[in-house]
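Me: Please walk me through one part of this model in detail. I want to know which elements pack there, and how.

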Amino acid sequence: MSALYFYGWNVVGATFVMALFSFGLGFYGLTVYVAALQGLHGWAASTVSAPITVHYVVGALLTTSIGDLYERFGPRVVVAIGSVAMAAGIAALGIVTQPWQLYPTFAVMSVGWGAMSGAAINILLAPWFQRRRGLVVSIAFNGATLGGVIIAPALILLIGVAGFTRAVAAAAVVLLVVLLAVAAGVMRRSPEELGLGPDGDPRPSAHAGPSATGERRWRRDALRTWRFWSVSAPFALGLAAQVGVLTHLVAVVTPMLGASGSARAVSATTAAAVIGRLGTGFVVDRLNRRRVSSATLVIQIIGLTLLGWAPSAVVVYAGCALFGLGVGNLTTLPGLILAVEWPREHFSALVGLVVGVNQFTFAFGPSLVGILRDWAGTYGLALGVCSALQAAGAAMILLGPGRDRSPVRRPRRGTAL
């Protein structure tokens with residue numbers, strides 16, 4: 001019997017708060033920093049955007065090994081260090097005076113992003129839940145989505161009131177205080193510390209985990225398999241398109257909606273992301289997760305098609321809403337597929353690899369959309385290319401070797417690869 005109240009739900013809440021700040025200030029906040037730095041210093045968009053690509057690339061490299069760091073040092077230490085790094089980078093943005101200073105500043109911030117982004121959310125929750133993994137991961141990732149709804153707009157308002165330097169300093173202090181408290185007061189390594197197993201069930205019999213050497217060899221073997229790339233590649237393509245569109249969304253919709261309408265369109269997109277992720281979280285544990293992933297990409301393609309057509313404001317809002325329904329799911333679903341298709345003891349290493357590959361790929365999405373827009377003169381071609389990338393991902397995910405397993409079953413070790 002499961003415990004009447006399981007401490008794992010405290011970890012879900014702590015992870016939700018971590019995602020709220022790490023995505024709010026380390027992902028959605030990037031658009032705010034770009035606009036503020038351009039206005040403050042008169043720097044070109046490309047001058048400010050290039051360091052952000054470095055931010056994502058460095059974060060991707062860190063993400064590939066984040067599972068090892070969580071395993072070695074535990075969540076309290078890793079989240080605390082990540083919080084300090086992200087806070088330091090955000091605060092330093094307020095005192096930069098030369099463009100080259102943005103590179104080390106965003107590099108420092110990327111340490112926090114690598115420690116507290118999508119891979120970290122999966123790694124933190126994996127030991128605590130097995131049967132309800134889809135639901136709890138969706139709940140925690142909604143903290144990330146709400147970071148775009150709450151944190152980024154609040155930062156814009158604060159900049160207007162206090163100025164950029166004071167605003168980013170205040171945001172850094174709040175992030176640091178809240179996340180250090182969450183890390184120290186709530187984060188735990190696993191339910192085994194409480195004498196329990198996943199979902200609050202009785203603790204399973206102990207077994208030796210893989211050695212560090214064996215884990216590295218296992219990861220190299222996994223990278224040689226289609227099973228791994230049939231998860232990583234489709235989401236890398238889908239996220240490259242998604243992040244590219246999100247970065248340019250205001251510019252895409254403003255000609256039709258105006259400034260105030262574009263703000264409502266962004267709100268509609270993020271609200272739909274919350275609804276889509278929660279709705280998927282409630283049903284995904286009972287469905288084939290590869291089919292859910294393909295359907296999510298198809299829905300986004302329909303949204304992009306409406307945005308490219310855009311004969312009226314109503315169609316633009318509908319396109320934003322349909323596109324938004326998949327925004328959260330593309331970061332949630334890779335870990336959920338890995339959880340049912342690979343052995344549990346390798347989950348942290350695998351999710352770090354997948355998220356690292358995805359993040360490295362989507363780092364170039366905004367530049368791709370910008371280049372295509374400049375070349376064509378409108379966003380029509382860019383939206384079409386993004387739709388093609390997502391169509392390729394939707395087909396590829398269905399070609400994977402995964403079978404429709406129940407969430408609690410695992411492949412035998414001899415057949416995992």
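Reply: A crossing is left-handed if the near helix is turned anticlockwise from the far one by less than a right angle, and right-handed if clockwise. The model is predicted: local features need pLDDT of at least 70, side-chain atom pairs count only at pLDDT 80 or more, and totals for chains, interfaces and linings use all residues. Residues are numbered from 1 along each chain as its sequence is written, and side-chain values use heavy atoms, with hydrogens and water left out.

The part to look at is helix H12, residues 289–309. Helices (DSSP runs of H or I, at least four residues) are numbered from the N terminus.

Start with H12 and H13. Their axes (lines fitted to C-alpha atoms over the stretch in contact) lie 7 Å apart, and the packing angle is about 155°. H12 is therefore roughly antiparallel to H13 (over 145 degrees; under 35 is roughly parallel, 65 to 115 roughly perpendicular, the rest oblique). Angles run from 0 to 180 degrees between N-to-C directions. H12 and H13 cross in the left-handed sense.

Now the contacts (heavy atoms within 4.5 Å). H12 supplies Ile299, Gln300, Ile302, Gly303, Leu304, Leu306, Leu307 and Trp309. H13 answers with Val315, Val316, Ala318, Gly319, Cys320, Leu322, Phe323 and Leu325. By class, 13 of these residues are nonpolar, 3 are polar and none is charged. Gly counts as polar here, and Cys as nonpolar.

Next, look at Val316 in H13. Its relative accessible area is 2%, so Val316 is buried (under 20%; over 50% is exposed, in between is partly exposed; 1.4 Å probe, protein chains only). Setting aside neighbours within four places in sequence, Val316 touches Leu307 and Ala310. Val316 also touches Val253, Met256 and Leu257. Those three belong to the residue range of helix H11, 226–283. The C-alpha atoms of Val316 and Ser262 are 9.7 Å apart, although 54 residues separate them along the chain.

Ala310 deserves its own stop. It sits in the loop between H12 and H13, the latter spanning 313–325. Its phi is positive, about 45°, yet Ala310 is not a glycine. Ala310 counts as buried because its relative accessible area is 19%.

Then turn to H17, residues 380–398. The axes of H12 and H17 come within 9 Å and cross at roughly 165°. So H12 is roughly antiparallel to H17 as well. This crossing is left-handed too.

The H12 side of this contact is made of Arg290, Arg291, Ser293, Ser294, Leu297, Val298, Gln300, Ile301, Leu304, Leu307 and Gly308. They meet Leu383, Cys386, Ser387, Gln390, Ala391, Gly393, Ala394, Ile397 and Leu398 of H17. The class count is 11 nonpolar, 7 polar and 2 charged residues. Arg290 and Arg291 of H12 are among the residues in this contact, whereas the H13 contact has no charged residues.

Some H12 residues serve both contacts. Gln300, Leu304 and Leu307 appear in the meeting with H13 and again in the meeting with H17. Leu307 is also one of the residues that Val316 touches.

To recap, H12 packs roughly antiparallel to H13 and roughly antiparallel to H17. Ala310, with its positive phi, lies in the loop that joins H12 to H13.

Methods:
Helices (H or I, at least four residues) and strands (E, at least two) are DSSP runs, numbered from the N terminus.
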